[in-house]
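Hi everyone, thanks for making time for this. I'd like to walk you through a structure that will be new to most of you, so let's bring it up on the screen.

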Amino acid sequence: MDAQNVAQVTEMMYALRNPAGLPTYPIIFVGLNVLTFALHILFVQLLLGTSLVALYGAYTNNPLWRRLGMAMIDVAKVSVSVAIVVGVAPLLFVQVVYDPHWYTSNVLSADWVIAFIFILILAYWAMYLYYFQNYKREDKTAEPKSRWSLIVSLALMLLVGFIMHSLTSQILHPEMWKEWYMQNGKLDYSGDTLHAYNFWRYAFFISMAIPVAGAMMVTYRRFKMVREDADMQYLNFAAEVGKKWILVGSIISTVLYVAWMMTIQETAGDFATSFWGIIGGVAVLGYALWAKLRLNGKSADMCSYMALPMALVIGLVVATSREILRYDILNGFFGYDFFDYKIVMDWYSTGLFFLTFAIVGGVVLSYFLTIAWKAGQTVGIYTPGPGVQKLGTVAIWVVALWLVQFFVVGFYVWAQ
Ligand code: HEM
């Protein structure tokens, strides 16, 4: 591309920018985007990986695998809902800082953006179909019913992920937007095409499902082993599979990461060989090394609970690299810099956001997680003690107070 064309693309992106500005510093949005994307992709990987375990368990005759498969479908269905909830957060942040890019990409493939929701619903239904058909059965090692629905669910989930990947890829090609909009000399309003993708990048993010599911299986053993009715033969089997998946999966993902770096677009310059280009792959490979060292021998019991947080740390490194890649292309090559976004400082909404996150989110989540944790480790029915009961009451009060302040401030502003 010559300098004049680049300048036109830069001008187009700035012209599409929201003139209202941002309510706080853009770096805050970008930081939160990285953080919440890392959480989103962790749960996406968890749902895909544990679905895969469930699928394998459903089609094998090995009773240990069948049991493990039934346990992991429980994790998968919860992970879908968490992945969706924490998918909304990066969606909000990316559309605030990269609004010209996110909206253009969405409009160019509008049919797919709308279909995304329906495909996701079908995928989730298919997963629940399998679950409802099988969860009540006493014998978890018998052949499960409706196994096909797991295949349908996994395939549709992968399609959902591909749509997201394509939308993200289109953002990185502003030089192509006009061409995609104008097909053979005619304006194309249909939005029926996904225009860009990088197979290796997509495969990398998906492949991380293997080590992440491995981490879940290692954690599963550690979590369940304290129960009075723990079946250690089965739990040790789960952890052994888990360790293998972390090791093999991390190596596969590292290879795919390298393939991604070798195929990044020209406008990314020398990102692949830069610090951030390299560190992403090193972090993924480091996971295999960590598992080899820490999940064996004496340290296994102690470090098992670290397997998932470690996966998140690695996810954060990769999410940072991914964001810097975007910046290197859009700013480095095209001269679009989110740092120069106009700021119309709004301390109240910025403060409210962080306080909601910390206090409302913190208290309510602590309550839910405590209940889930204790119930999972109790044989029979779990009854919360007075401390947990109190936490539940505080959680309700915090939410109620939040709602009151929301309406009070809203009416106050409206009355001004
Ligand atoms: C449950 C099925 C889902 C799967 C398998 C999935 C998968 C993915 C993948 C693979 C990426 C990375 C794309 C890339 O960087 O190449 C991604 C990014 C993303 N996903 Fe999801 N996703 C799912 C659901 C959702 C939902 C329901 C939302 C929002 C409501 C969402 C919002 C996002 C956002 C905002 C990004 C990042 C966009 C960006 O930074 O450019 N995802 N997703």
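Let's begin on the inside: the largest cavity holds about 90 Å³ of space. Its lining takes in 13 residues, and the ones closest to the centre are Ile41, Gln45, Met208, Gly315 and Val318. Please keep in mind that we are looking at a predicted model.

Which helix gives the most to that lining? The answer is H13, with five residues. Helix H2 (26-59) and helix H8 (199-207) join H13 in supplying at least two residues each. As for chemical class, eleven of the lining residues are nonpolar and two are polar, with no charged residues.

How many cavities of 30 Å³ or more are there? The count is three. The second largest has a volume of about 40 Å³. Around the second largest cavity you'll find Met70, Asn134, Arg137, Asp139, Lys140, Ala142 and Pro144. Here the lining splits into three nonpolar, one polar and three charged residues.

Now for the open spaces. The largest pocket contains about 1,900 Å³ of space. It is lined by 47 residues, and closest to its centre are Phe43, Val78, Val82, Leu365 and Leu369. Several helices contribute at least two residues each: H2, helix H3 (63-97), helix H9 (209-224), helix H10 (232-262), H13 and helix H14 (347-377). The most comes from H3, which gives 14 residues to the pocket lining. By class, the pocket lining has 33 nonpolar residues, along with seven polar and seven charged ones.

You'll have noticed that H13 came up for both the largest cavity and the largest pocket, so let's give that helix a moment of its own. H13 covers residues 307-333, which is 27 residues. From first C-alpha to last, H13 reaches 38 Å, close to the 39 Å expected at 1.5 Å a residue. Just after H13 sits glycine 335, with a positive phi of about 75°.

A little further along is a contact I'd like you to find on the screen. Side chains of opposite charge can pair when their charged atoms come close. In this model, aspartate 340 and arginine 17 form a salt bridge through their side chains, at 3.0 Å from N to O. What does this pair link? It links distant parts of the chain, 323 residues apart: aspartate 340 lies in the loop between H13 and H14, and arginine 17 lies in the loop between helix H1 (3-15) and H2. Across the whole structure, the search finds eight salt bridges.

Last stop, the outside. Ile114, Ile117, Phe118, Ile121, Leu122 and Trp125 make up a nonpolar patch on the surface. Together they have about 650 Å² of accessible area. If you want to locate the patch, isoleucine 114 is in helix H5, residues 110-134.

That's the tour, and I'm happy to go back to any part of it.

Terms used
Residues are numbered from 1 along each chain as its sequence is written. This is a predicted model: local features need pLDDT of at least 70, side-chain atom pairs count only at pLDDT 80 or more; totals for chains, interfaces and linings use all residues. Side-chain values use heavy atoms; hydrogens and water are left out. Helices (H or I, at least four residues) and strands (E, at least two) are DSSP runs, numbered from the N terminus. The expected span of a helix is 1.5 Å times one less than its number of residues. On a 1 Å grid over the protein atoms alone, a cavity is a set of points where a 1.4 Å probe fits but cannot get out, and a pocket is an open set with protein on both sides within 12 Å along at least five of seven lines; lining residues have an atom within 4 Å of a point. Grid points are joined across faces, edges and corners, and a volume is the space filled by probe spheres set on the points. Ala, Val, Leu, Ile, Met, Phe, Trp, Tyr, Cys and Pro count as nonpolar, Asp, Glu, Lys and Arg as charged, and the others, Gly among them, as polar. Patches are made of residues with over 30% relative accessible area and no salt bridge: like charges are joined within 9 Å, nonpolar side chains (Val, Leu, Ile, Met, Phe, Trp, Tyr) within 5 Å. Accessible areas come from the Shrake-Rupley method with a 1.4 Å probe; for residues, only the protein chains shown count as cover. A salt bridge is a side-chain nitrogen of Lys or Arg within 4 Å of a carboxyl oxygen of Asp or Glu.
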